[in-house]
Amino acid sequence: MNAETTTVDQAVIAKHRAMWATGDYPKLAVELVAPLGPVLVEALGIGAGDRVLDVAAGTGNAAIRAAQAGASVTASDLCPELLQAGAASAAQRGVELQWREADAHALPFADNEFDVVMSCIGVMFAPFHQHAADELIRVCKTGGRIGVLSWTPEGHIGQLFATMKPYMPPPPPGAQPPPLWGREDHVRALFGDRVNDVTAVSRTLAVDRFADGAQFRDYFKNVYGPTIAAYRNIEGDADLVAALDADIARIGDGFFDGEDTMKWEYLLLTARKA
């Protein structure tokens, strides 16, 4: 990577870090997605004696559960504010693990350092997918386990990002949409022949917090960094704000499908480093 590209990438990463520091992602993590961390930890069979790295760990939904299972865990994330919230949560539960600020595209760890490398709805948001996938593999030991849990393009986050796209600035060159990590073929292509024993399954998370799409919209509008960024990009244009309000409420309504709960689809993929 040349110096010019590195400078551009670092500017992108800085904006990315700032975006995730807005709103209140720790609130969302507790109220909506807390069940997903244990799902990933169980799928990877994490237990005592495992040295585990959680990449783009956020507030540690998966990392804390892995530590509770007896593993030696390092939780890394680009955003220090999320790590601070995770560390406070771990302390309240009496769980010990390491918290490390790190960019998923350039992890500050040695080759083959960890028995398990995982990411729960985290690494999918690193803009440059191949760089991030290469790092997941690099720091995992040969024969070690790799696991990623990601929202699908067809699910609520995939539809939310597609809906917000016309209201956002163009993505930086080389960046890819986060929900692609929710496609098995995409993740297999990123990992290539460097992994084997790949298992992938689509599941749904039932969310009963919202009464309708408008309530879903207002929640994400206030706490979720990417949605906040979309609204900031069009602030001052009342017509565009009203249009985005209507668009997000509409897709939110679509995920009820005549039921009382929303169904949020994700892909759970595990593999071993070849």
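Tutor: A cavity is a set of grid points where a 1.4 Å probe fits but cannot get out, and its volume is the space filled by probe spheres set on those points. The model discussed here is predicted.

Student: How many cavities of 30 Å³ or more are there by this rule, and how much space lies in the largest cavity?

Tutor: The count comes to two cavities of 30 Å³ or more; about 360 Å³ of space lies in the largest cavity, and about 70 Å³ in the second largest.

Student: What makes a residue part of the lining, and which residues are closest to the centre of the largest cavity?

Tutor: A residue belongs to the lining if it has an atom within 4 Å of a cavity point. The largest cavity is lined by 31 residues, of which A56, G58, D77, I121 and G122 are the closest to its centre. Helix 2 (25-33) gives the most to this lining, with three residues, and among the other elements that supply at least two residues are helix 1 (3-21) and strand 2.

Student: What is the make-up of the two linings by residue class?

Tutor: For the largest cavity the division is 19 nonpolar, nine polar and three charged residues, whereas the second largest has eleven nonpolar, one polar and no charged residues in its lining. Among the residues that line the second largest cavity are Y25, F125, H156 and W264; since Trp and Tyr count as nonpolar, W264 and Y25 fall in that class, while H156 is polar because His is among neither the nonpolar nor the charged types. The largest share of this lining, four residues, again comes from helix 2.

Student: Turning to the sheet, why is one side of strand 3 and of strand 6 left without a neighbour?

Tutor: Seven strands form an open sheet in the order 3-2-1-4-5-7-6, with mixed pairing. Strand 3 (98-101) and strand 6 (195-207) stand at its edges and have a single partner strand each, so one side of each has no neighbour in the sheet. From one strand to the next, the twist averages 15 degrees.

Student: How do you know that strand 2 and strand 3 count as paired?

Tutor: Pairing requires at least two bridges between the strands, and strand 2 (residues 72-77) and strand 3 have four, in the parallel sense, so the condition is met. One of the bridges joins A75 to W99 in strand 3. Helix 5 (residues 80-93) packs on the sheet, touching both strand 2 and strand 3, and its direction makes about 175 degrees with that of strand 3.

Technical notes. Residues are numbered from 1 along each chain as its sequence is written. This is a predicted model: local features need pLDDT of at least 70, side-chain atom pairs count only at pLDDT 80 or more; totals for chains, interfaces and linings use all residues. Side-chain values use heavy atoms; hydrogens and water are left out. Axes are lines fitted to C-alpha atoms, for helices over the stretch in contact, and angles run from 0 to 180 degrees between N-to-C directions. Contact means heavy atoms within 4.5 Å. On a 1 Å grid over the protein atoms alone, a cavity is a set of points where a 1.4 Å probe fits but cannot get out, and a pocket is an open set with protein on both sides within 12 Å along at least five of seven lines; lining residues have an atom within 4 Å of a point.
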